[in-house]
Amino acid sequence: MNATFLAKLDWFRGDARLYQLDVPLEGNTYVVVSQAPDTPIAGPETFIFPSDPDGNIRTWSELPGSTKGVCSHEEVLSYAGYEVKNA
């Protein structure tokens, strides 16, 4: 399964990127992967959130693959079963 990188989202805190999934993850074709290298209590974390095609978060419920202690878009998407591809 592929996750195609579409855009970097500058309005997020940290490094957030929009991806299109070729097989939906829990019904979501578009996701935002948000990476925070150092949160005050938890340390690094990278989460996957459902979004629309413009990168607007549909719900702040974390999708499978989201992980604390990891700071990598590719790694969390691989946990969810996806390989990152460039558009």
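## Exercises on a predicted six-strand, one-helix chain

β1 and strand β6 (residues 83-86) pair in the parallel sense over four bridges; two strands pair if DSSP finds at least two bridges between them. Helices (H or I, at least four residues) and strands (E, at least two) are DSSP runs, numbered from the N terminus. The model is predicted, so local features need pLDDT of at least 70 and side-chain atom pairs count only at pLDDT 80 or more, while totals for chains, interfaces and linings use all residues. Residues are numbered from 1 along each chain as its sequence is written, and side-chain values use heavy atoms, with hydrogens and water left out.

**Exercise 1. Describe the overall fold and dimensions of the chain.**

Step 1. Count the elements: the secondary structure comes to one helix and six strands.

Step 2. Put them in order. From the N terminus on, the elements run β-β-β-β-β-α-β.

Step 3. Check the compactness. The radius of gyration is 12 Å, close to the 12 Å that the globule rule gives for 87 residues, so the chain is as compact as a globular protein of that length. The radius of gyration is taken over C-alpha atoms, and the globule rule is 2.2 Å times the number of residues to the power 0.38.

Step 4. Add the extents: along the principal axes, the C-alpha atoms fill a box of roughly 35 × 25 × 25 Å.

Step 5. Turn to burial and contacts. Of the 87 residues, 43% are buried, where buried means under 20% relative accessible area, exposed over 50%, and partly exposed in between (1.4 Å probe, protein chains only). Among contacts (heavy atoms within 4.5 Å) between residues at least 6 apart in sequence, 38% join residues at least 24 apart.

**Exercise 2. Find the strand partners of β1 and place A3 and T4 among them.**

Step 1. Identify the second partner of β1. Six bridges join β1 to strand β2 (residues 15-25), and these two run antiparallel.

Step 2. Inspect the connection. β1 and β2 form a hairpin with five residues between them, and G14 in the turn has a positive phi of about 85°.

Step 3. Follow T4 to both sides. T4 stands opposite K85 in β6, and the bridge partner of T4 in β2 is Q20.

Step 4. Compare with A3, found in strand β1 (residues 2-9). A3 is buried, with a relative accessible area of 0%. Beyond its neighbours within four places in sequence, A3 is in contact with Y19, Q20, L21, L77, Y82, E83, V84 and K85.

Step 5. Take one separation in space: A3 and Y30 are 27 residues apart in sequence and 9.0 Å apart, C-alpha to C-alpha.

**Exercise 3. Is K85 buried, exposed or partly exposed, and which residues does K85 touch?**

Step 1. Locate the residue: K85 is found in strand β6.

Step 2. Classify it. At 35% relative accessibility, K85 counts as partly exposed.

Step 3. List the contacts. Not counting residues up to four places away in sequence, K85 touches N2, A3, T4 and F5.

Step 4. Contrast this with a residue elsewhere in the chain: K85 and L63 are 22 residues apart in sequence and 19 Å apart in space, C-alpha to C-alpha.

**Exercise 4. Characterise D15 and S34, and state how they are linked.**

Step 1. Assign the strands. D15 is found in strand β2, and S34 in strand β3.

Step 2. Read the burial. D15 counts as buried at 14% relative accessibility, and S34 is buried with a relative accessible area of 14%.

Step 3. List the contacts, leaving out residues up to four places away in sequence. D15 is in contact with K8, V33, S34, Q35 and H73. S34 touches F12, R13, D15, A16, E45, T46, F47 and F49. The link is therefore a direct contact, since each list names the other residue.

Step 4. Note the distant partner in sequence: D15 and H73 are 58 residues apart there and 9.0 Å apart in space, C-alpha to C-alpha.

**Exercise 5. Describe E26 and strand β4.**

Step 1. Place E26 in the loop between β2 and β3 (28-39).

Step 2. Check its backbone and exposure. E26 has a positive phi of about 50° although it is not a glycine, and at 59% relative accessibility E26 counts as exposed.

Step 3. Turn to strand β4 (residues 43-50), which is mostly covered: seven of its eight residues are buried.

Step 4. Give the pairing. β4 and strand β5 (residues 67-68) pair in the antiparallel sense over two bridges, and the bridge partner of E45 in β5 is K68.
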